[in-house]
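Work through the following exercises with the sequence and the model side by side, and try each task before reading its solution.

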Amino acid sequence: MALVNFTSHPEFLLLGLLEGPDPHPLLFLLFLGVYLLNAVGNLSMVVLVRSDGALCAPMYYFLGYLSLVDVCFTTVTVPRLLAILLHPGQAVSFQACFIQMYFFVALGITESYLLAAMSYDRAVAVCRPLHYGGVMTPGRCAALVAASWAVGHLHALLHARLLSALSYPRRARVRHFFCDMTVMLSLATSDTSTAEAAIFSEGLAVVLAPLLLVCLSYARILGAVLGVRATGGRRRAFSTCGAHLAAVSLFFGSVLSVYFRPTSAYSARYDRMASVVYAVVTPTLNPFIYSLRNREVKGALKRGFRCGADPQAV
């Protein structure tokens, strides 16, 4: 089914993070710095995982793909946000708006399932260390990553088709810095009850599935750690999983607070602030959260710097 509103050529006017006609150069510099930090941190993690033989464990395999998703996730929204901060009131075509929404949803869902796969990996490592190599085989890890991408894109395709079938004003003012699902539902001039019910029910299942897996994985980890008598063993286990749990809580908490409430409770200001958390802040923090307390990653970074300073070094 084609996007039905192409004939009427509706246009969307993105009002940005802060409504008003004035540019915000200081915020532009802030978000530009965050975006560059995101790109450097995540792309460095991708290169490290792909090039350093010491980072061959399944945890780093998932981390490499998570970093790739994170840099793509922010690239979907932040460049447009930067343009709006300097030139408020950016006009976006119907096609561009729904293409942006499609990739934003696809990458967001892919990230949630990768986070779930990483929590499963940590649960196996802590609870079944002797069987870890047999459970987390390369084939199973690749299947988990492929399933994460597939679920994300199928979910995004369904949402894009449902929302693009609705009618919109000829020129709609979008009180956001990107074309988000909740905003598009609030702008629609046709009946949204069917689309809203389908999106809410299917979306709830798709988002709650990885969240449930995360909760079950950490419940098992907690039970296993509490059974360890040595204080040092408990500390090592908690330090291994604590960073991942912090990133997961930040991501899922902000996503659930935005998307899983009725449209009658819609708040443009709150949604914009929460969207910054899960679309900009969390993807930027992820590579640093996972690497700062990880000896293997820090060792790989040192080896990378030594090789860069001395190309003859082995």
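**Exercise 1. Aromatic rings**

Task: Find which residues are linked by ring pairs into a cluster, and state how many aromatic pairs the structure holds.

Solution: Begin with the cluster, in which ring pairs link F73, F104, F177, F178 and Y278. Then turn to the whole structure, which is a predicted model and which holds 13 aromatic pairs.

**Exercise 2. The overall plan of the chain**

Task: Describe the order of the helices and strands along the chain, and say what share of the residues is buried.

Solution: First count the elements, which come to ten helices and three strands. Next, read them from the N terminus on, where the order is β-α-α-β-α-α-α-β-α-α-α-α-α. Then consider burial: of the 314 residues of the chain, 46% count as buried. As for the surface, the chain exposes about 15000 Å², and carbon and sulfur atoms supply 67% of this area. Finally, look at the contacts with a separation of 6 or more, of which 81% are between residues 24 or more positions apart.

**Exercise 3. Three strands**

Task: Work out whether strand 1 runs parallel or antiparallel to strand 3, and then do likewise for strand 1 and strand 2.

Solution: Start from strand 1, residues 11-14, which is joined to strand 3 by four bridges, the two strands running parallel. Two of the partners can be followed by name, since E11 has R171 as its bridge partner in strand 3, while L14 has V174. Now take strand 2, residues 90-93, which is also joined to strand 1 by four bridges but runs antiparallel to it; here L13 stands opposite A91. As a last step, examine the faces of strand 3, residues 171-174, where A172 and V174 form the covered face and R171 and R173 the uncovered one. This fits a general rule, namely that in a regular strand the side chains alternate between the two faces of the sheet.

**Exercise 4. Two helices that bend**

Task: For helix 2 and helix 7, compare the span from the first C-alpha to the last with the expected span, and then locate the bend in helix 2 and in helix 7.

Solution: Helix 2, residues 58-86, has 29 residues and reaches 42 Å, close to the 42 Å expected at 1.5 Å a residue. Its kink of about 35 degrees lies at T75, shortly before the proline P79. Helix 7, residues 193-226, has 34 residues and reaches 47 Å, close to the expected 50 Å. Helix 7 bends by about 25 degrees at L208, and the proline P210 follows within four residues. P210 is also one of the buried residues of helix 7, which include I199, G203, V206, V207 and L211 as well. When you look at such positions, remember that an α-helix has 3.6 residues a turn, so residues three or four places apart point the same way.

**Exercise 5. Classifying two residues**

Task: Decide whether T192 is buried or exposed, and then classify G223 in the same manner.

Solution: Locate T192 in the loop between helix 6 and helix 7. Its relative accessible area is 16%, and because this value is under 20%, T192 is buried. Leaving aside neighbours within four places in sequence, T192 is in contact with L166 and L185. Next, locate G223, which lies in helix 7. Its relative accessible area is 46%, which falls between 20% and 50%, so G223 is partly exposed. To complete the picture, note that the C-alpha atoms of G223 and C127 are separated by 8.8 Å, although these residues are 96 residues apart along the chain.

Terms used:
Residues numbered from 1 in each chain as written. Predicted model: local features only at pLDDT ≥ 70, side-chain atom pairs only at ≥ 80, totals over all residues. Heavy atoms only, no water. Buried < 20%, exposed > 50% of the residue type's maximum accessible area, 1.4 Å probe, protein only. Pairing = 2+ DSSP bridges. Phe/Tyr/Trp six-rings, centres within 6.5 Å; stacked < 30°, edge-to-face > 60°. Expected span 1.5 Å × (residues − 1). Bend = angle between axes of the 7 residues up to and from the residue. Contact = heavy atoms within 4.5 Å. Areas by Shrake-Rupley, 256 points an atom, 1.4 Å probe, with all protein chains shown as cover.
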